[in-house]
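Here is a walk through one protein model and the two small molecules that come with it. Keep the viewer open as you read, and click along.

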Amino acid sequence: MKLVTLLSLTAVINCLYIPVPSECAGSTWLRIAENYLPKSVQNWLTTTDSIRNSDLNAWIEEQKEVSFRAILNNIGGVSEIYNVSQVAKGAVIASPLTQKPDYFYQWTRDAALTIKSLILEINDKEFEGVDDIISTVEAYIENNYYIQRLDNKSGKFNDENKDGLGEPKFLVNNKPFDKHWGRPQRDGPGLRVITVVSYINLLDKFDKGVSNEFLKSREFIYHKIIKPDLVYITRNWMKEGFDLWEEINAHHFFTSITQLAALKDGISIAGSFDSSTEFVETLKRTFESLKKFILSDAGFTINGLPYLIETPTLLKSGKRSGLDAAIILGALHSHNLEFGDFSDIPYDISDSPLLNTLSAMVADMKYRYPINHNRIGFGNPIGVGLGRYPEDVYDGYGTSEGNPWFLATASAAEAVYRFIYKLSLTEENLVIDTENREFFEDFIDFETVETDYLVIHFGSLAFKTLTRNLFGYSDSFLEVIKDHVGDDGSMSEQFNKYHGYMQGAEELTWSHSAVWNAFRWREKTEGLLRELEF
Ligand code: NOJ
Ligand code: NOJ
């Protein structure tokens, strides 16, 4: 090795430690730090327009509209396909398919997550020209007042523990579903709280009132719809239930973390509406207990595994690895950067266990699904089609072999955009250590770094380069989606792992919503990077 290289290498390594030594003040070290980024990746930096990939942009522009319309078409009252005698006003169907598979129901989970996309759209449009979306969101809230109160196979609204609220799905005409199913699913009430509270926050932010005559006011919404769900969480969070994939009766990360976020939302607004300080205290106490459960007792982390475990009992029994897209979805849906401070909710997407979950999912599924094989070996970090979890056998109709899902793939894109967004917004230095190193393996040439503790300073050239490369990485997940949607922008639940054609429930509302969310975060992140002149 030439002396000069050796010297500069030593300088760089020193510069990578905190506190920043004085020799790092100049720009030379930054340029040298660039050398840690693999050559193939550096190309992305040198093409100034790299984050505006024109093909992808054009597709996103179109698909964003198509997906939004597809969401509305699956909601009673705004649908261009169904009238309200077919689908109740405000009911969100999971998919129009009534057989093979029959998804013509309203799932509490799918509906809450989808309506949140509409709320974000109202936010982005600042209440201008979105009257039909506002009335759709309010119709959804009204409709949930009715379905919350239906007696069903999970129980009744008035049961001491409000058991009826754990029912996962209802008919589209607001009748209970009375067949055999994986019930209760305890994530529904919390997801509904998160969605409805975000709407109340939006009304406050833009100083608007409730338009829907039945709902009347924020107070009504709080007392009649939000509070019962909060009560449900306080009485049931410690119990087992079926997971979001409706298969396993146990404790699950997704359920617990979204319940925790719902409690936080509850605490933030209960004070304004509830004269019962006792209830607010109960919420706070439950928040602490549930948080402790998540951080230690539940077994969502174990020594030796860098990623989080969705369902610890399945890992213990040796049935599953614990890896699951539900972890990423859980982090995304429990940290709403835009409506409040979520720093006291653990496991945001920027935290090491989350980044590690994402890289472990990619590492597994790029080999597991043959459709991803043509994306291996380019030297660039590149996104692949992701499924629910490695051991999945649900093929969208019955059981054979699992496939990649649109919503799982989109959640990876959204996660990485949000990671970049958060880093850039908070102007944090990026610290890469043994905890999160795995995620950056493809972005940084660690063989030349020779340190376990790398600090990439906010705003430095290395930081900008890495940010852009991460942006390209998120984009590459969207490219996978682009390759598999229908010519008309339609989206099913899954795409076949061998040939890539769509399968499972057609026009799945949640697929469109998840992809729309990823687009939205791309736009926001790109805007922020441009503002920062990155
Ligand atoms: C339908 C459920 O919705 C899905 O999540 C599950 O994997 C299959 N049934 C198989 O149990
Ligand atoms: C099956 C999925 O596993 C579940 O999460 C979802 O709620 C239903 N399908 C409806 O989309």
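A polar contact here is a pair of N or O atoms within 3.5 Å. With that cut-off in hand, take Glu 247: a polar atom of its side chain lies 2.4 Å from an oxygen atom of ligand 1, so the pair counts as a polar contact. One caution before going on: the whole model is predicted, and every distance and area below is computed from it.

**Around ligand 1**

Which residues are found around ligand 1? They are Trp 245, Glu 246, Glu 247, Arg 388 and Tyr 394. Sorted by class, this shell has 2 nonpolar residues, 3 charged ones and no polar ones. Glu 246 also reaches the ligand, with an N or O atom of its side chain 2.4 Å from an oxygen atom of ligand 1. Arg 388 joins in too, placing a polar side-chain atom 2.9 Å from an oxygen of ligand 1. On its own, ligand 1 would expose 290 Å², and the protein buries 73% of that. As for location, ligand 1 sits in the largest pocket.

**Around ligand 2**

Now move over to ligand 2. It is surrounded by 13 residues, and the closest are Tyr 103, Arg 109, Asp 110, Leu 244 and Arg 388. Arg 388 is a name you have already met, as it is also listed around ligand 1. By class, the shell of ligand 2 splits into 8 nonpolar and 5 charged residues, with no polar ones.

Three side chains make contacts worth clicking on. Tyr 103 has an N or O atom of its side chain 3.2 Å from a nitrogen atom of ligand 2. Arg 109 holds a polar side-chain atom 3.0 Å from an oxygen atom of ligand 2, and Arg 388 does likewise at 2.8 Å. How much of ligand 2 does the protein cover? Of the 290 Å² of accessible area that ligand 2 has by itself, the protein covers 98%. The space that ligand 2 takes up is the largest pocket.

Here are the ligand contacts side by side:

| Side chain | Ligand atom | Distance |
|---|---|---|
| Glu 246 | oxygen of ligand 1 | 2.4 Å |
| Glu 247 | oxygen of ligand 1 | 2.4 Å |
| Arg 388 | oxygen of ligand 1 | 2.9 Å |
| Tyr 103 | nitrogen of ligand 2 | 3.2 Å |
| Arg 109 | oxygen of ligand 2 | 3.0 Å |
| Arg 388 | oxygen of ligand 2 | 2.8 Å |

**The loop between H4 and E1**

Next, away from the ligands, look at the loop between helix H4 (54-73) and strand E1 (105-107), where Pro 101 is found. The peptide bond leading from Lys 100 into Pro 101 is cis, with omega near -5°. Tyr 82 belongs to this loop as well. Is Tyr 82 buried or exposed? Its relative accessibility is 14%, so Tyr 82 counts as buried. Between the C-alpha atoms of Tyr 82 and Pro 96 there are 9.7 Å in space and 14 residues in sequence.

**The loop between E2 and H7**

A cis peptide bond also turns up from Arg 183 to Pro 184, again with omega near -5°. Pro 184 is in the loop between strand E2 (169-171) and helix H7 (188-205). Asn 174 has its place in the loop between E2 and H7, too. Asn 174 is not a glycine, yet it has a positive phi of about 65°. With a relative accessibility of 16%, Asn 174 counts as buried.

**A positive phi before H17**

Glu 507 is another non-glycine residue with a positive phi, in this case about 45°. You'll find Glu 507 in the loop between strand E8 (502-503) and helix H17 (509-531). Its relative accessible area is 24%, so Glu 507 is partly exposed.

**Two buried helix residues**

Finally, two stops inside helices. Asn 356 lies in helix H13, which covers residues 352-368, and counts as buried at 2% relative accessibility. A polar atom of the Asn 356 side chain lies 3.3 Å from the backbone oxygen of Pro 306.

Ser 476 is in helix H16, residues 461-484. Why does Ser 476 count as buried? Because its relative accessible area is 3%, and buried means under 20%. Pro 381 is 95 residues away from Ser 476 along the chain, but their C-alpha atoms are separated by 8.8 Å.

Notes:
Residues numbered from 1 in each chain as written. Chains lettered and ligands numbered in written order. Predicted model: local features only at pLDDT ≥ 70, side-chain atom pairs only at ≥ 80, totals over all residues. Heavy atoms only, no water. Near = heavy atom within 4 Å. Polar contact = N/O pair within 3.5 Å; in protein donor to acceptor, adjacent residues only side chain to side chain. Areas by Shrake-Rupley, 256 points an atom, 1.4 Å probe, with all protein chains shown as cover. 1 Å grid on protein atoms, 1.4 Å probe; cavity = no way out; pocket = protein on both sides within 12 Å on 5 of 7 lines; lining within 4 Å. Sits in = over half its atoms within 2 Å of the grid points. Nonpolar A, V, L, I, M, F, W, Y, C, P; charged D, E, K, R; others polar. Helix = DSSP H or I, 4+ residues; strand = E, 2+ residues; numbered from the N terminus. Buried < 20%, exposed > 50% of the residue type's maximum accessible area, 1.4 Å probe, protein only.
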